[in-house]
Amino acid sequence: MSSKFIKNKEDFVCQKCGADVVGNGYTNHCPECLWSKHVDVFPGDRAGDCGGMMEPVRVEVKNKEYTIIHKCQKCGTEKPNKAVKEDNFQMIIQISANNSK
Ligand SMILES: [Zn+2]
Ligand SMILES: [Zn+2]
């Protein structure tokens, strides 16, 4: 049995802030503004056809791991995405500070 997780290395230009994002196969969100795009049904499969921009609405912290919750602006789907070390930590702190508002 092989894993259904498909690593997809692709570079993209962030549609929110315009940053050039070098794909590493693990992240699907912009490391600068942390916005994502609704393209996956399961991580890496690119099976979704929504294509809406996903806003980082909150950050959950568990065992010192940060999970960014993305919410699609178009269809309202919420998806957790693990933060990676390349992500803009200031932005993560900012979003988690907004949690308590
Ligand atoms: Zn961006
Ligand atoms: Zn969507």
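This passage walks through the fold of one protein chain and the two zinc sites it holds.

The model is predicted, so local features are reported only at pLDDT of at least 70 and side-chain atom pairs only at pLDDT 80 or more, while totals for chains, interfaces and linings use all residues. Residues are numbered from 1 along each chain as its sequence is written, chains are lettered from A and ligands numbered from 1 in the order in which they are written, and side-chain values use heavy atoms, with hydrogens and water left out.

Start with the overall layout. The protein chain contains one helix and six strands, and reading along the sequence gives the pattern β-β-β-β-β-β-α. Here helices (H or I, at least four residues) and strands (E, at least two) are DSSP runs, numbered from the N terminus. Of the 101 residues in the chain, 33% are buried. Buried means under 20% relative accessible area, exposed means over 50%, and partly exposed is in between, using a 1.4 Å probe and protein chains only. The chain exposes about 6800 Å², with carbon and sulfur atoms supplying 51% of that area; accessible areas come from the Shrake-Rupley method with a 1.4 Å probe, and for residues only the protein chains shown count as cover. As for contacts (heavy atoms within 4.5 Å), 30% of those between residues at least 6 apart in sequence join residues at least 24 apart.

Next comes the sheet. Four strands make an open sheet in the order S3-S4-S5-S6, with antiparallel pairing. Its edge strands are S3 and S6 (78-82), each of which pairs on one side only. Two strands count as paired if DSSP finds at least two bridges between them. S3 (residues 36-37) and S4 (residues 53-62) are joined by two bridges, and Ser-36 has Met-54 as its bridge partner in S4. Between S4 and S5 (residues 65-72) there are eight bridges. Among them, Val-59 partners Ile-68 and Glu-60 partners Thr-67. The hairpin of S4 and S5 has two residues between the strands, and Asn-63 takes a positive phi near 50° there.

On the other side of S5, five bridges tie it to S6 in the antiparallel sense, with Ile-68 standing opposite Asn-81 in S6. This pair also forms a hairpin, now with five residues between the strands, and Gly-76 in the turn has a positive phi of about 80°. Side chains along S6 alternate: Lys-79 and Asn-81 point to one face and are buried, whereas Glu-78, Pro-80 and Lys-82 point to the other and are not.

Now for the metals. Donors are N, O and S atoms within 2.8 Å of the metal (3.2 Å for Na, K and Ca), and water is not among the atoms, so sites may look incomplete. Four donors count as tetrahedral if all angles lie between 85 and 135 degrees; four count as square planar and six as octahedral if opposite donors are over 155 degrees apart and all others between 65 and 115, and anything else is irregular.

The zinc ion (ligand 1) takes its protein donors from the SG atoms of Cys-14, Cys-17, Cys-30 and Cys-33, lying 2.3 Å away. Angles of 105 to 113° among the four donor atoms make this site tetrahedral, and the donor residues are spaced C-x2-C-x12-C-x2-C in sequence. Cys-14 sits in the loop between S1 (12-13) and S2 (20-21) and Cys-33 in the loop between S2 and S3, so the pair ties together parts that are 19 residues apart in sequence. Cys-14 counts as buried because its relative accessible area is 6%, and Cys-33 is buried too, at 10%. Cys-17, at 41%, is partly exposed.

The zinc ion (ligand 2) is held by His-38 (ND1), Cys-50 (SG), Cys-72 (SG) and Cys-75 (SG), at 1.9 to 2.3 Å. This site is also tetrahedral, with angles of 105 to 120° among its four donor atoms, and the spacing along the chain reads H-x11-C-x21-C-x2-C. His-38 and Cys-50, twelve residues apart in the loop between S3 and S4, link distant parts of the chain. Both His-38 and Cys-50 are buried, while Cys-75 is partly exposed at 44% relative accessible area.

Finally, a word on the cysteines. A disulfide is a covalent bond between the sulfur atoms of two cysteines. With the cut-off set at cysteine sulfur atoms within 2.5 Å, the structure holds zero disulfides.
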